[in-house]
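Ready for some practice in reading a protein model? Have the sequence and the 3D view at hand, and try each task before you read its solution.

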Amino acid sequence: MTPQRSFEDLVAEGAAVPTEGWDFSWFEGRATEERPSWGYARSAGERLAGAEAVLDVQTGGGEVLDFALSRAEPARPVLVAATEGWPPNVAKATALLRPRGVVVVAAPDDAPLPFADGAFDLVLSRHPVRPYWAEIARVLRPGGTYFAQHVGPSSVFELVEYFLGPQPEEARAGRDPERERADAEAAGLEVTGVRAERLRMEFHDIAAVVHFLRKVVWMVPDFTVEAYEPRLRALHERIEREGPFVAHSARHLFDVRKPGRRP
């Protein structure tokens, strides 16, 4: 039987793991999350195979785009670009994607996209901070598409509210897919499909909680181990006594088209 590890040992491990990129392989065996049934990265690869010029917005460390491009070979697009706003991820994505001929551009998440009007026939994004619909519409060619997986409302709020307490309804309702649909249509885009799912997550030890909150920084924005040590310790004891801490992520898939015919 494996001996139980101390709270201090687990917290130190979770605090030491690098947070760059969107590779979640470290969580294997200590946290789980159901995946949406639509298989975003696989589906993105299918879209890439039929595109000429592609932009991946907020690519993170480039892992999802890299996988999707591997699925598209040999019918990959002629031009592929990606944007990312966090400097450590810009470096990571550049190193990963450069061998595939992808240009990674450092661009703030809330700034206009640094590309010409109508530059792309496909825009991708996985978990953007927020969709900048006017800019997506601007850089798409007529007949082009935006295909993306967004984070939905109240995602992982069981964990958020464990640390921050009950959240206002405005915070719980943020990232609502119907509100995003309305915003996309207001920008002149046609929403051809929206699918939403709520998915079970389990945290099996406190190291996984610490690493998750360090990596997904907007969940508990002021999170540090020192500031939340009492709550972390109480959660550690709860997990050891009752088993995994259960939360639920929210995801929705957007399929959007810019009206008009491709030139």
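Below are five exercises, each followed by a worked solution.

This is a predicted model, in which local features need pLDDT of at least 70 and side-chain atom pairs count only at pLDDT 80 or more, while totals for chains, interfaces and linings use all residues. Residues are numbered from 1 along each chain as its sequence is written, and side-chain values use heavy atoms, with hydrogens and water left out.

**Exercise 1. Describe how helix α1 and helix α9 pack.**

Step 1: Find the two elements. Helix α1 covers residues 7-16 and helix α9 covers residues 206-215. Helices (H or I, at least four residues) and strands (E, at least two) are DSSP runs, numbered from the N terminus.

Step 2: Look at the axes. They come within 7 Å and cross at roughly 30°. Axes are lines fitted to C-alpha atoms, for helices over the stretch in contact, and angles run from 0 to 180 degrees between N-to-C directions.

Step 3: Name the arrangement. That angle makes α1 roughly parallel to α9; angles under 35 degrees count as roughly parallel, over 145 as roughly antiparallel, 65 to 115 as roughly perpendicular and the rest as oblique.

Step 4: List the residues that meet. From α1 come F7, L10, V11, G14, A15 and A16, and from α9 come I206, A207, V210, H211 and R214. Contact means heavy atoms within 4.5 Å.

Step 5: Sort them. The contact of α1 with α9 has eight nonpolar, two polar and one charged residue. Ala, Val, Leu, Ile, Met, Phe, Trp, Tyr, Cys and Pro count as nonpolar, Asp, Glu, Lys and Arg as charged, and the others, Gly among them, as polar.

**Exercise 2. Work out the same description for α3 and α4.**

Step 1: Helix α3 (residues 63-72) and helix α4 (residues 87-97) pack with their axes 9 Å apart, at an angle of about 15°.

Step 2: With that angle, α3 is roughly parallel to α4.

Step 3: The contact is made by E63, L65 and D66 of α3 together with K92, L96 and L97 of α4.

Step 4: These residues divide into three nonpolar, no polar and three charged.

**Exercise 3. How many residues of α9 are buried, and what covers them?**

Step 1: Count. Nine of the 10 residues of α9 are buried, where buried means under 20% relative accessible area, exposed over 50% and partly exposed in between (1.4 Å probe, protein chains only).

Step 2: Name them. The buried residues are I206, A207, A208, V209, V210, H211, F212, L213 and K215.

Step 3: Look around the helix. The cover includes α1, β1 (31-33), α6 (157-164), β7 (190-203) and α10 (229-242).

Step 4: Check the start of α9. There, a side-chain oxygen of D205 reaches to within 3.1 Å of the backbone nitrogen of A207.

**Exercise 4. Are Q149 and H252 buried or exposed, and which side chains do they make polar contacts with?**

Step 1: Place Q149 in strand β6 (residues 140-151). Its relative accessibility is 4%, so Q149 counts as buried.

Step 2: Find its partner. The side chains of Q149 and W38 are joined by a polar contact of 2.8 Å. A polar contact is a pair of N or O atoms within 3.5 Å; within protein, one must be able to donate a hydrogen and the other to accept it, and residues adjacent in sequence count only if both atoms are side-chain atoms.

Step 3: Place H252 in strand β8 (residues 245-257). H252 has 1% relative accessibility and therefore counts as buried.

Step 4: Find the partner of H252. Its side chain makes a polar contact of 3.0 Å with the side chain of E180.

Step 5: Link the two residues. Not counting residues up to four places away in sequence, Q149 touches several residues, including H127 and H252.

**Exercise 5. Where are the backbone features at P74, Q58 and V156?**

Step 1: Recall the background. Most residues other than glycine have a negative phi, and most peptide bonds are trans.

Step 2: P74 lies in the loop between α3 and β3. A cis peptide bond with omega about 0° joins E73 and P74.

Step 3: Q58 is in the loop between β2 (53-57) and α3. Though not a glycine, Q58 has a positive phi of about 55°.

Step 4: V156 is in the loop between β6 and α6. Its phi is also positive, near 60°, and V156 counts as buried at 2% relative accessibility.
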